[in-house]
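Reader: Hello! I would like a close look at one part of this model, with the cut-offs spelled out as you go.

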Amino acid sequence: MTLDDALALERAVWDALVAGDAAADEASLAADFLGVYPSGFAERACHVGQLDDGPSVAAYRIEDARLDVIAEDAFLIGYRAVFARAKSPAEEEAMYVSSLWRLRDGRWLNTFSQDTPEA
């Protein structure tokens with residue numbers, strides 16, 4: 001796993017949020033996905049559910065990405081995300097994200113993600 005490969009997987013999730021593509025978002029997340037956010041814990045259905053009314057993100061960029069290959073079938077990527085929500089595209093926000101990806105049945109799936117708003 002290279003940093004570019006890991007970023008491509010992570011961008012697929014962000015791109016689904018920009019496109020409002022719930023199926024693509026769900027396809028990137030493991031059935032037992034766990035998100036840890038300032039609002040609390042979220043399962044895959046909650047993550048995908050944010051797209052019920054269309055795109056949730058207007059634009060994003062990933063900065064200062066770091067990769068930790070844990071095993072042949074697992075890696076952790078951490079980065080700073082700068083993004084604008086679809087409801088307020090002129091206002092940028094930033095948060096630090098860490099995502100754990102695991103190789104299951106020949107597919108890379110996001111199994112865990114934690115978002116920490118930038119102070």
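Which residues does R66 touch, not counting residues up to four places away in sequence?

Author: Happy to help. This is a predicted model, in which local features need pLDDT of at least 70 and side-chain atom pairs count only at pLDDT 80 or more, while totals for chains, interfaces and linings use all residues. Residues are numbered from 1 along each chain as its sequence is written, and side-chain values use heavy atoms, with hydrogens and water left out.

To your question: R66 touches L3, L76, I77 and G78, where contact means heavy atoms within 4.5 Å. R66 is found in strand β3; strands here are DSSP runs of E with at least two residues, helices are runs of H or I with at least four, and both are numbered from the N terminus. With 55% relative accessibility, R66 counts as exposed (buried is under 20% relative accessible area, exposed over 50%, partly exposed in between, with a 1.4 Å probe and protein chains only). The side chains of R66 and D64 are joined by a polar contact of 2.9 Å. That term stands for a pair of N or O atoms within 3.5 Å; within protein, one must be able to donate a hydrogen and the other to accept it, and residues adjacent in sequence count only if both atoms are side-chain atoms. The C-alpha atoms of R66 and F112 are separated by 16 Å, with their positions 46 residues apart along the chain.

Now the sheet around that strand. Six strands form an open, mixed sheet in the order β2-β1-β6-β5-β4-β3, two strands being paired if DSSP finds at least two bridges between them. Strands β2 (40-43) and β3 (57-71) stand at the edges with a single partner each, so one side of each has no neighbour in the sheet. From one strand to the next the twist averages 20°; axes are lines fitted to C-alpha atoms, for helices over the stretch in contact, and angles run from 0 to 180 degrees between N-to-C directions. Strands β4 (residues 74-85) and β5 (residues 92-104) pair in the antiparallel sense over 11 bridges. G78, one of the residues touched by R66, has S98 in β5 as its bridge partner.

Across β3, β4, β5 and β6 (107-117) lies helix α1 (residues 3-19), running at about 145° to β3. The buried residues of α1 are A6, L7, E10, V13, W14, A16 and L17, and they pack against α2 (22-28), α3 (44-49), β3, β4 and β5.

Two tryptophans are worth a look here. W14 is buried, with a relative accessible area of 5%, and W14, Y60 and F83 form one aromatic cluster. The ring centres of W14 and Y60 are 5.1 Å apart and their planes at 25°, so the pair is stacked; rings of Phe, Tyr and Trp (its six-membered ring) pair if their centres lie within 6.5 Å, and planes under 30 degrees apart count as stacked, over 60 as edge-to-face and the rest as tilted. W14 lies in helix α1 and Y60 in strand β3, so this pair ties together parts that are 46 residues apart in sequence.

W101, in strand β5, is also buried, with a relative accessible area of 1%. Its side chain makes a polar contact of 2.8 Å with that of E10. Beyond four places in sequence, the contacts of W101 include L9, V13, A74, I77 and W108.
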